[in-house]
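Q: Please take me on a close look at the part where the inside of this protein comes together. I'm new to this, so keep it plain and link the pieces up as you go.

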Amino acid sequence: RHQEALAILHEVLEVRRSVLGPRHPSTLTTQHDVAFSLDNVGRHQEALAILHEVLEVRRSVLGPRHPSTLTTQHNVASSLGEEKPQVPNVIKETSSSGSRIAAAK
């Protein structure tokens with residue numbers, strides 16, 4: 001039923017973008033949920049690209065220390081955790097933004 005959920009989320013995302021705008025927190029939450037659903041159906045690279053986009057906008061709109069920004073940052077790192085060679089790049093990028101995180105071992 002993940003495909004069905006994904007289709008519904010895409011519909012909700014389009015409505016929220018048109019009504020609230022692409023940078024509204026509710027739109028970003030739905031976009032984040034779309035990424036989560038894409039990951040569930042095995043579309044990992046697409047999900048990761050969306051998470052990166054959501055993270056960039058959330059940092060800009062909400063700030064780097066907002067709980068929603070940190071949730072997205074966590075999910076990006078978790079997604080990259082499956083691709084071990086890329087994890088240090090996320091840590092370096094995150095550290096340069098002023099956020100504090102521990103290095104993965």
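**A look into the core**

A: The protein chain has 5 helices and 0 strands, where helices (H or I, at least four residues) and strands (E, at least two) are DSSP runs numbered from the N terminus. Read from that end, the elements go α-α-α-α-α. Keep in mind that this is a predicted model, in which local features need pLDDT of at least 70 and side-chain atom pairs count only at pLDDT 80 or more, while totals for chains, interfaces and linings use all residues. Residues are numbered from 1 along each chain as its sequence is written, and side-chain values use heavy atoms, with hydrogens and water left out.

Now for the inside. Of the 105 residues in the protein chain, 33% are buried, meaning under 20% relative accessible area, with exposed being over 50% and partly exposed in between (1.4 Å probe, protein chains only). A nonpolar core is a set of buried Ala, Val, Leu, Ile, Met, Phe, Trp, Tyr and Cys residues joined through side-chain atoms within 4.5 Å. The largest one here has 16 residues, and Val-34, Ala-35, Leu-38, Ile-50 and Val-76 touch the most other members. Helices α1 (2-20), α2 (25-40), α3 (44-61) and α4 (67-81) each chip in at least two residues, but α3 gives the most, with 7. As a rule, nonpolar side chains in soluble globular proteins tend to be buried together.

So what does α3 look like? Its 18 residues reach 25 Å from first C-alpha to last, close to the 26 Å expected at 1.5 Å a residue; that expected span is 1.5 Å times one less than the number of residues. Buried along α3 are Ala-47, Leu-48, Ile-50, Leu-51, Val-54, Leu-55, Val-57, Arg-58 and Arg-59. Just after this helix, Gly-63 takes a positive phi of about 100 degrees.

Back to Leu-38, one of those well-connected core members. Leaving out residues up to four places away in sequence, Leu-38 touches Leu-6, Arg-43, Glu-46, Ala-47 and Ile-50, a contact being heavy atoms within 4.5 Å. Ala-47 and Ile-50 are on the buried list for α3.

Helix α2 also holds Thr-27. Thr-27 counts as buried because its relative accessibility is 0%. With the same neighbours left out, Thr-27 touches Leu-13, Arg-16, Arg-17, Leu-20, Gly-21 and Pro-22.
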